[in-house]
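User: Could you take a close look at one part of this structure for me, the sheet and its edge, and then show me how the rest is put together around it? A connected walk-through would suit me best.

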2 protein chains.
Amino acid sequence: MQIAILTFDGFNELDSFIAAGILNRLKGKGWAAHVTSPTEQVISMNGVTVQRQRPLEFAREADAVLIGSGVRTREIAADADLLARIALDPSRQLIGAQCSGTLLLARLGLVGDLPACTDLTTRPWVVEAGVEVIDAPLMAHGNVATAGGCLASQYLAAWMIARGAGLREAEEAIHYVAPVGEKAAYVERALDVVRPFVEPAAGAPAA
Amino acid sequence: MQIAILTFDGFNELDSFIAAGILNRLKGKGWAAHVTSPTEQVISMNGVTVQRQRPLEFAREADAVLIGSGVRTREIAADADLLARIALDPSRQLIGAQCSGTLLLARLGLVGDLPACTDLTTRPWVVEAGVEVIDAPLMAHGNVATAGGCLASQYLAAWMIARGAGLREAEEAIHYVAPVGEKAAYVERALDVVRPFVEPAAGAPAA
């Protein structure tokens, strides 16, 4: 599974790197998450300069895409040329958006009138873009998921692993990154959050 | 408060960036966390190249220092010349170590025979270095704290904020980064974890 972590200037380090780090736990199974950016280097909201690993066009080739968050997302969301270079395909790709990434997902036409998650700061802009925002850390519809709050990126990663490799692998990845002494509680909560979007509901007909 | 985030080649992105991102929430109060490295660039355990913001020698000038974690910590811990450049002073600085950073802290002589935290992978090496490792996400003794498990870096940041700015500020920073819909639970747990190392115990004489 080759994953593009879409990372733009002004990016929030937590929103790009927590999910990327957790997804890379599956290196042994051939998974790799790559910092994917429009320019050779991107500078975070706190002045950290990071070298991209893949150009923006990698997003359309990747098996999965996570749209990170940052302080310049409203400018990016208004840049039609940039958005046209992203060209995602939810019929073939797993796609996730973190915090203000949900605004980009909406502009890309991938949210529609389905409820989505975002952070409290971005919420008014996402609502303005016509999206119904819910008070939850994660929501997924088929191959598209949204997460709200920096540390919800663990759930976005867990959802992607559960969808692409299985719940057991998601459990192991969260167990590894969870705080010592709280591992069981972290795993249980993460599985509770992602399970409804991975397995058919109890009593419902199998998909 | 100027904070050095000690970041070496092979670093774990979560362990450096979660704490740095949370500490930078206090930018308005003049706090700044800087990626501090021996070389101009460092490459993470997953191949992400990051430009350092401060040279290693900044560690001795900083008001606070966090020692990040990574896959090459055992090599670094064996490099006496490199360790000599770090020169920390716990009488003047707040010092935290994340996961395998605890091994460096031990080699720097800053753990002594006090119990400390680290991750499950590093644990045997830290024990070998003579440290008593406990099954908890955070432990602090005066100005020195250790954390175990990548996502425990939120507690290390919360401890540093609580010590340097107050519990109220730590609460606000954790509230901001916590998952939407779980903010109250995250704040409550983080405060429960750091409070014993910030306030005098109930019934105990004030320090």
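Analyst: Let's begin at a pair of facing residues: in this predicted model, His141(A) lies opposite Val144(A), a residue of strand S9(A). The two strands involved here are S8(A) and S9(A), the latter covering residues 144-147, and they run antiparallel with four bridges joining them. As background, the strands of a sheet pair through backbone hydrogen bonds, and the sense can be parallel or antiparallel.

Stepping back from that pair, S8(A) and S9(A) belong to an open sheet of seven strands in chain A, in the order S5-S2-S1-S6-S7-S9-S8, and the pairing across this sheet is mixed. The edges are held by S5(A), residues 54-55, and S8(A), residues 138-141; each has a single partner strand, so one side of each is left without a neighbour in the sheet.

Chain B can be read in the same way. Its open sheet also has seven strands, ordered S5-S2-S1-S6-S7-S9-S8, with mixed pairing. At the edges of that sheet you will find S5(B) (54-55) and S8(B) (138-141), each pairing on one side only. Four bridges link S8(B) with S9(B), residues 144-147, again in the antiparallel sense. If you would like a pair to look at in this chain, try Met139(B), whose bridge partner in S9(B) is Thr146(B).

Now for how the two chains are related. A turn of 180° with a shift of 0.0 Å along the axis lays chain A on chain B, with an RMSD of 0.0 Å. That is the relation of a two-fold axis. The contact surface fits this picture, since the same surface serves both copies and 100% of the contact residues of chain A recur in chain B. If you want to find the axis on your screen, go to Val50(A): among the residues of chain A, its C-alpha comes closest to the rotation axis, at 2.3 Å.

On to the interface itself. Here 46 residues of chain A are in contact with 46 residues of chain B. Interface size is often expressed as the accessible area lost when the parts come together. For chain A and chain B the buried area is about 3500 Å², with 61% of it on carbon and sulfur atoms. On the chain A side, the residues that lose the most area to chain B are Phe17(A), Leu151(A) and Val180(A), which together account for 19% of what that side buries.

There are polar links across the interface too. The count between chain A and chain B is 22 residue pairs in polar contact, and there are two salt bridges between these chains. Arg189(A) makes a salt bridge with Glu182(B), with 3.9 Å between the closest N and O atoms. Several elements of chain A give two or more residues to the side that touches chain B: helix H1 (13-23), strand S4 (49-51), helix H7 (153-164), helix H8 (167-177) and helix H9 (183-194). H1(A) provides the largest share of that side, six residues. Sorted by class, the side of chain A that touches chain B holds 23 nonpolar, 15 polar and eight charged residues.

One last stop is a salt bridge inside chain A. Over all chains the count of salt bridges comes to 18. One of the salt bridges joins the side chains of Arg168(A) and Glu171(A), at 3.3 Å from N to O. Arg168(A) and Glu171(A) are three residues apart in helix H8 of chain A, which means that about one helical turn separates them.

Note on methods:
Residues are numbered from 1 along each chain as its sequence is written. Chains are lettered from A and ligands numbered from 1 in the order in which they are written. This is a predicted model: local features need pLDDT of at least 70, side-chain atom pairs count only at pLDDT 80 or more; totals for chains, interfaces and linings use all residues. Side-chain values use heavy atoms; hydrogens and water are left out. Copies are superposed by least squares on the C-alpha atoms of residues with pLDDT of at least 70 in both. Contact means heavy atoms within 4.5 Å. Buried area is the accessible area (1.4 Å probe) that two parts lose on being put together, summed over both. A salt bridge is a side-chain nitrogen of Lys or Arg within 4 Å of a carboxyl oxygen of Asp or Glu. A polar contact is a pair of N or O atoms within 3.5 Å; within protein, one must be able to donate a hydrogen and the other to accept it, and residues adjacent in sequence count only if both atoms are side-chain atoms. Ala, Val, Leu, Ile, Met, Phe, Trp, Tyr, Cys and Pro count as nonpolar, Asp, Glu, Lys and Arg as charged, and the others, Gly among them, as polar. Two strands pair if DSSP finds at least two bridges between them.
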